[in-house]
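Please look at the sequence and the 3D structure below with an eye for the contacts that side chains make with one another. The report that comes after them is written for a reader who is new to such contacts.

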Amino acid sequence: MSATQTPIPGEAINPSAVLERIRYHLRYSIGVRRENATAYDLFKAFALAVRQQLLDRYYETEARNCEAGAKRVYYLSMEFLIGRSLENNLIALGLHDVFVEAAREWGVELSDVANAEPDAALGNGGLGRLAACFLDSMATLGIPGYGYGINYEYGLFRQQIRRGYQVEMPDHWGMEDSPWQVEINKDALYIPVYGKVVDATDRDGNYNPMWMDWAVLMGVPYDMPVVGYGGETVNYLRLYAARASDEFDIQIFNQGDYIRAVEQKIESEKVSKVLYPSDAISSGRELRLLQEYFLVACSLRDILERFRQSEDDIRLLPDKVAIQMNDTHPALTIAELMRMLVDERGLEWELAWQITKSTCGYTNHTLLPEALEKWPVELLEKVLPRHLQIIYEINHRFLKEVERRWPRDPEMMDRMSLVEEWPHRQVRMAHLAIVGSHSVNGVAALHSELIKSKLVPDFYQLYPARFNNKTNGVTQRRWVKAANPDLSSLISSRIGDGWVTNLRELLELEQFVDDDDFLNAFARAKEANKLRVAQAVKRDTGIVVDNASMFGVLAKRIHEYKRQLLNVMYVIHQYFRITEEDHQPPCCRTFMLAGKAAPGYYIAKLIIRLINGVAEVVNKDPRTKDFIRVAFLPDYRVSLAETIIPGANLSEQISTAGKEASGTGNMKFAMNGALTMGTLDGANIEILEEAGAENLYIFGLTVDQVNEHRLRGTYSPRTYLETHPELRRIVDAISGNLFCGGEQAIYTPLVSTLVDGGDPYFHFADFSAYAAAQERAEHDYRDARAWNRRALLNVARMGKFSSDRTIQQYARDIWKIPVSLGIGD
């Protein structure tokens, strides 16, 4: 498919026809007149006009796939961070310019209409955004690939900053019916939960356990069309909302407790109410388990029903269906598929197990032990009693296999068991996913090696062929073409549009690295983007920044291992050098940070408070006026990222080595011409290999050095404080009241994690190298031509990091599905 494919054929698509369609939907679908329409009404009318086109293409895609008997991919994820869809869909359909003209005929700008669209708040970070990129790439590559998730009524939360502190507000994104979603009531499903298992036998005397006395959840699907670039393929993202079943619990009702029966209906609808409830209390933990099972059970019932419509032989399931589990959250897929095959289809265990393993693949996204889910046995027994039985049986058979490989090795058996016995009995969901899948992949080369050598080395020894790497990628269609139209137009004017579907073609830009006309145009595009960022900063924070300053951005979820604190420590260091040592930095700096902290993550929220405390002091001090500005942008989300990323000069990717699985923000920034300031962690290593060491700023301990310190216990934060006076000055300032805004010693717990808690993320160990790298970047930024040249080389060499390449590798190596584009490895 050509990147310059013409708009979809069919009825005449011109501004007048489009405008007529928009008017129709405003008047009849939404029911308002133009003069009474809100900004959201206008957006909805535009979106419904686009949806007509999407649905027509979807029906054609489905017919084509059915006729071909195509194998289908089902991508199960608890998160899909979609963001806004209007402009992205128009670009993919080749209709963006037509709708721009139609909007102007109506006296509005398409950009203003698009800005009225709320971000689809169905995720909270990189995991969900990756899933959204993958759906885009599957459709663009012509793969019959479908996302399955939950239609959360409330997103993670809207972040506000009050007196420097994060305050969580409900993100009721589902308050307005999304025009992109199509409710499919006829495909609603009934999902059993709770109850008990009764031992029984079938007519032949075989053991046949019966799951009885369960409660029922109803899952109602909502489909969001996902269009590939050029409009040839439209797949869908199917999101399930929990509804109370049409029937009350008859037993409760017959006992005369009508109120309790109604309350139970209301309680069941909580399952899809909010993204990731707090699991700090038992009720939150139970609700989260219910969410994960609800996703898995709805998805598998729908998948098997679609399979049944075209195939009679269940043994063909792996030939027609590939199920990919996005992290451990959908790991119950293994137990649920086994239950459906054994209990409902009557298959022998061995055949059901072979089908399950051949159908399922597992993607691991983390090396952090706390992120590898474990569910208490007593909770599983309460919520999913039959599934616990099945997990026990899987474990029993698996441990026999382990014993055959490693006889008389009880420690190996304990390490590999699906059930952790001490200190509390818990089911290790990552182990279940590994044992029940034919493929286990990491998401960056380093990450995949650490999975094999550090995370689950025993499993790698047992199943070496099962493990593989699939380095993450992002879709250039959203993150360059849509988010950065100035750069996109410049690129296409010189090398054509082929890069939109084959990012490797960006290599052709290398011919312009010494072309002053091109470099000047490249610089102007960056300046235009920086102006938009500056406007956003002023709008959201009231802070005025210097567009000529170096924009350094650290935008991601707030976590200690991502080391926003290290960035703030450098700001404090520079502040004291300027105010106490009369240091004059080689260039003006704007430090921008953005990201949300989990509501229960106290230290992360304290880091946000420190960032804002430092910003308040630095931005008000006349001595730093010409050198430093600091801004924390609240409520980081996809639409804000689309503004910030194109305007960044320096991309901060500074996690502790060995902690970040991959990262995708690093790819987005580099694609948009930012130089990376980073550690040798995650995909930073592969960006280094592609872009060249001279075009990044790499610093800090390596994974091996970090592990060596941990193994030998040789890292002493106190020694660093005693031998590095600049660190002592920073820590003393944080410990005191300078950045407390009138409060007293509020950062004591934060300092304690560094000094008394052993600084587990090596802030002190890496600080000097980080400061030196920052100073090199500041010196280099003074030479605008050389900086732009290096920035251009970053753009030109990011071809590997398209999600199209990633999906092509999944399709070839894991799903065994042919793809329509050959874009290399």
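What follows describes salt bridges, a surface patch and aromatic contacts in this chain, which is shown as a predicted model.

**Salt bridges**

The structure holds 58 salt bridges, and three of them are set out in the table with the distance from N to O.

| Acidic residue | Basic residue | Distance (N to O) |
|---|---|---|
| Glu336 | Arg339 | 3.0 Å |
| Asp766 | Arg563 | 2.8 Å |
| Asp635 | Lys596 | 3.1 Å |

Glu336 and Arg339 are both part of helix α11, which spans residues 332–344, and they are 3 residues apart, or about one turn of the helix. Both Glu336 and Arg339 are buried.

The bridge between Asp766 and Arg563 links distant parts of the chain, since Asp766 belongs to helix α31 (residues 763–781) while Arg563 is in the loop between β18 (550–555) and α22 (564–581), 203 residues apart. Here too both partners, Asp766 and Arg563, are buried.

In the bridge between Asp635 and Lys596, Asp635 lies in the loop between β20 (628–633) and α24 (638–644) and Lys596 in the loop between β19 (589–594) and α23 (602–620), so the pair ties together parts that are 39 residues apart in sequence. Asp635 has a relative accessible area of 14% and is therefore buried, because buried means under 20%. Lys596, with a relative accessible area of 14%, is buried as well.

Salt bridges can also join into a network, as they do for Lys186, Asp187, Asp223, Arg238, Asp302 and Arg306.

**A nonpolar patch**

On the surface, Val198, Met210 and Met212 make a nonpolar patch of about 220 Å². Met210 is found in strand β8, residues 210–212, and with 37% relative accessibility this residue counts as partly exposed.

**Aromatic rings and charges**

The count of aromatic pairs comes to 25. How are the rings of Tyr781 and Trp787 arranged? Their centres are 5.1 Å apart and their planes stand at 85 degrees, so the pair is edge-to-face. Tyr781 is buried, with a relative accessible area of 16%, and Trp787 is buried, with a value of 3%.

Trp787 also has a charged neighbour, as the charged end of Arg790 sits over its ring at 5.9 Å from the centre. In a similar way Lys596, the partner of Asp635 in the table, lies over the face of Phe157, at 5.2 Å from the ring centre.

Finally, one aromatic cluster is formed by Tyr58, Tyr59, Tyr74, Tyr146, Tyr148, Tyr236 and Tyr240.

How values were computed: Residues numbered from 1 in each chain as written. Predicted model: local features only at pLDDT ≥ 70, side-chain atom pairs only at ≥ 80, totals over all residues. Heavy atoms only, no water. Salt bridge = Lys/Arg side-chain N within 4 Å of Asp/Glu carboxyl O. Helix = DSSP H or I, 4+ residues; strand = E, 2+ residues; numbered from the N terminus. Buried < 20%, exposed > 50% of the residue type's maximum accessible area, 1.4 Å probe, protein only. Patch = residues over 30% accessible without salt bridge, like charges linked within 9 Å, V, L, I, M, F, W, Y side chains within 5 Å. Areas by Shrake-Rupley, 256 points an atom, 1.4 Å probe, with all protein chains shown as cover. Phe/Tyr/Trp six-rings, centres within 6.5 Å; stacked < 30°, edge-to-face > 60°. Lys NZ or Arg CZ within 6 Å of the ring centre and 35° of its normal.
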